[in-house]
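The following paragraphs lead through selected elements of a single model. The reader may wish to keep the sequence and the coordinates in view.

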Amino acid sequence: MATLSARGRAALFAFGSVAILTGLCLTAVPETSQAVVLRMGEPVRVVNRWSAGTPSGGGGLLAHLPLVEQVEWVERGLFGFTAEKVQVRAADDSALTVDTAATLRAYDPVKLVRNAGSTDKAIAQLTDTLRQLVQQELGQVDAQTLLAPGGGGALAKLRAALDARARQIGVQVVDLRLTAAALPENALQQTFDRMETERARLASIEIENGNRDAERIATEAKVEAARILGATAGQDPEFYDFYRAMRSYEVVFANPDNKGATTIILGPDSEYLKQFKGR
């Protein structure tokens, strides 16, 4: 029994050793990843490499030498990152805070591993690069142009500049978009204050112009009324005399400002009251 037990332990040890070696020699490759096999730090082959002709993945088991070969993973599909709250000084000296989003593809996983080390490190490098390029490229146009669709061509230049840098590490820029653009908080209040001051100035000008126009219209109306009255006086003196008396009565007796403040003493034969007599 002791002999069998020893044989069983030996078999179990052998089976375990084989299982461990198998686990060290075989690695499952997902369909969404490219596996770069490194031997002594140098890439020797790629499993499930992306190419334009084979967009769908073909994962499976990867056999490699344990301890001698390591596997580095690179995204096979699209991946991306964002550069947020980048301060940009536009060509018209306007200060803006912009967010940009880049979509990438690792078309050369070997170059990526050699020059960047991993997908995460490549993203970190390109994020820093994009922040620098945003300030450089977007700062060449004024704020109004930058906020228009396409950024007046600035976004296309920014994408080309980022793509040139990305291809140095085996990555291409598939898409680049400006996702947000706003004034910084400290500049925003200053802009609101300037807008309010400008609106008040324009309103003051409009009010002044309106008052000037009103005075002009009133003056022209008085002149026209005097002309009409003058013409009427020449055609019908009695009517003109009646009109002047009615206007005078209205000013003296009907004006609420004169109530209790004006006293007129007139005799019954006063010429001023002749219209009340109906003569």
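Which residue in strand 5 is the bridge partner of Ser33? The partner is Glu75. The model is predicted, so local features need pLDDT of at least 70 and side-chain atom pairs count only at pLDDT 80 or more, whereas totals for chains, interfaces and linings use all residues. Residues are numbered from 1 along each chain as its sequence is written, and side-chain values use heavy atoms, with hydrogens and water left out.

Helices (H or I, at least four residues) and strands (E, at least two) are DSSP runs, numbered from the N terminus. Strand 2 (residues 33–39) runs antiparallel to strand 5 (residues 69–75), to which 7 bridges join it. Strand 2 is also antiparallel to strand 3 (residues 42–47), through 5 bridges; two strands pair if DSSP finds at least two bridges between them. Val36 stands opposite Val46 in strand 3. The hairpin of strand 2 and strand 3 has 2 residues between the strands, and Met40 takes a positive phi near 55 degrees there. Of the 7 residues of strand 2, 6 are buried, that is, under 20% relative accessible area with a 1.4 Å probe and protein chains only, while exposed means over 50% and partly exposed lies in between.

Helix 5 offers a second view of burial. Its buried residues are Ala154, Leu155, Leu158, Leu162, Asp163 and Ala166. Seen down the axis of helix 5, these buried residues fall within an arc of 165 degrees, so they line one face of the helix; the arc is that of the directions from the helix axis to the C-beta atoms. The face turned away from the buried side of helix 5 carries the exposed residues Ala156 and Lys157.
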